[in-house]
Amino acid sequence: MDADERILHSLGYKQDLNRSISAFSNFAIAFSCCSVLSGLPPLWGDAMAAAGSLGTIWGWVITSCFTMMVALSLAEICSAYPTTGGLYFWVSKLATADWVPLACWMTGWCNWIGLCFGISSVDLGLAQFIAGIVSIWSPESEPLSVYVQYGIFVAILIIHGFINSVAVNWNGVMNQGAFFANMIGILLIVIVGLVLTKPLNSAEFTFTQFSNNSGFSNNGYAFLLVILQSQYTLSGYDSAAHMAEETKNSQSGSPFGILSSVAANAISGLVFLVGVSFMVKDYDFQILSEGAIQPQMIQVFVDGVGKTWTMVFLIFVMVSIFFCGSALTLGSSRMVYAFARDGAMPFSKFLHTLNPKTKSPVNAVWVNVLIAGVVGILYMINSTAYSAIVSVNTIGSQMSYLVPILLRITASRTKFQAGPFNLGRYSIVIGWISSLWLMFTCVLFVLPTEAPITPDTMNYAIVPFAFIMLTSMTYFYFWGRKWFTGPVRVIDGQEVILEDDHSIHSVYSKGGL
């Protein structure tokens, strides 16, 4: 039994998944989940309209700094508990015994909501860009309807389902390729765009131009709206934790994946945003006009470098978005597998079954695909549905990050046993900063994003999020609390209650471990 298996056994699980991916592959998967080219282009035009270039760039800088704080806190916990359950399992170790079932239940469902809605938002963003390409080459024709875009979205989902039904080491290789495609794409767009776009905009416009076209009279609130674009992009990096049981040297590899994915995207995102802002030649037409190609970044590319180079740019953008959706499907399926392994989801036995050939949770993959497709139906119903889906994705992720960090600095402040990666004496301070930021963003993302506020412009993010959580909590109150105790450890075929560490040591002793 190697070191990774011993750690996993000490946490109460046996090695079922195929441990075959490296720390770099873990990083590549997490990087793909929060990659710049998959998150920024679909929402960039709305952020530019809400607060101009100043808001877009400096909002990114602020969000990146606070997100790095959150990543540091999560990486420390991940190093101590490297399991596929990730945040959900961490809570079971950090909460007091009385609160373990409820805290685990809430965290697991929030985490899954964030990942599943993330699949929907990313794949819908790809469908939008495909529709934008059609507008480039057929400018006289009507833009593709939302119904056609939804059909494209479903096709993308199905492809992601097939990709994630194969062996996990294939996903590692593909996500490594996606990482290099993303970085090459950013450099190509910035360098070629700045060389060919004539005239470039000024540094004054790029770094100081603030333009409030959100409809709200308060400029401060308009600035805060751009944080959604930034935080949406910089979320999903917890996928590195969900791949822990498939990562070699997981106590170091998974924390490395969390931290390096956030840092790499924070730096490359800043370079990308500054470069694209310099390429804006006509703010009123390219950003604010209803006649501009959607998403607006495509219009900026066409006007700056022409159709041919725009197509090259969009290939890199779409490849990055495609692999981001695939990586989110991978992470979400592992979350569902781990949650169902402990009986916390409907049809748990079905969902935590592994394919005997690939050792992958194929059933969990396709359930995520199905639910993401149902969520996407909202896109055909309401004009603000895409923003709402993005908000739910971000809120779910932020809430699931908040619970373990808050427990780490309160209930487990003195009993937490750190792994190889730890923050030492700075752990509590960074944890409080992270918690306050997460609470702030959770409130911000349910507020309206457009004014005047009407039934068509209202932010409905709270509706699906509250519906799923209320349904889940109702199920927990009437049924789940009667049998759900949090993660169930399985040692040599014996189920052991999580907090019963003495029983686990006894099992190890009997088994000679």
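Student: Where is Asp 284, and what makes that element a helix?
Tutor: Asp 284 lies in helix H12, residues 283-288. A helix here is a DSSP run of H or I with at least four residues, numbered from the N terminus, so the label follows from that rule. This is a predicted model, in which local features need pLDDT of at least 70 and side-chain atom pairs count only at pLDDT 80 or more, while totals for chains, interfaces and linings use all residues. Residues are numbered from 1 along each chain as its sequence is written, and side-chain values use heavy atoms, with hydrogens and water left out.

Student: Why is Asp 284 called exposed?
Tutor: Its relative accessible area is 52%. Exposed means over 50%, buried under 20% and partly exposed in between (1.4 Å probe, protein chains only). Asp 284 is therefore exposed.

Student: Why is Ser 25 called buried?
Tutor: Ser 25, in helix H2 (residues 23-33), has a relative accessible area of 4%, so it counts as buried.

Student: What makes Ser 435 buried, and which residues does Ser 435 contact?
Tutor: The relative accessible area of Ser 435 is 0%, so Ser 435 is buried. Ser 435 sits in helix H17, residues 427-444. Apart from neighbours within four places in sequence, Ser 435 is in contact (heavy atoms within 4.5 Å) with Leu 402, Ile 405, Leu 406 and Ile 409.

Student: How do you know which elements the predictor scores highest and lowest?
Tutor: By mean pLDDT, the predictor's confidence in each residue, from 0 to 100. H17 has the highest mean among the elements, 97, and helix H19 (residues 501-511) the lowest, 38. Over residues 497-513 the pLDDT is below 50, yet this stretch has 22 contacts in the model beyond near neighbours in sequence. The chain averages 88, with 94% of the residues scoring at least 70.

Student: What makes a space in this structure a cavity, and how many of 30 Å³ or more are there?
Tutor: On a 1 Å grid over the protein atoms alone, a cavity is a set of points where a 1.4 Å probe fits but cannot get out; lining residues have an atom within 4 Å of a point. The structure holds three cavities of 30 Å³ or more. The largest has a volume of about 100 Å³. Among its 17 lining residues, those closest to the centre include Cys 33, Val 122 and Tyr 232.

Student: How many residues of each class line the largest cavity?
Tutor: Six are nonpolar, 11 polar and none charged. Ala, Val, Leu, Ile, Met, Phe, Trp, Tyr, Cys and Pro count as nonpolar, Asp, Glu, Lys and Arg as charged, and the others, Gly among them, as polar.

Note on methods. Helix = DSSP H or I, 4+ residues; strand = E, 2+ residues; numbered from the N terminus. 1 Å grid on protein atoms, 1.4 Å probe; cavity = no way out; pocket = protein on both sides within 12 Å on 5 of 7 lines; lining within 4 Å. Points joined across faces, edges and corners; volume = space filled by probe spheres on them.
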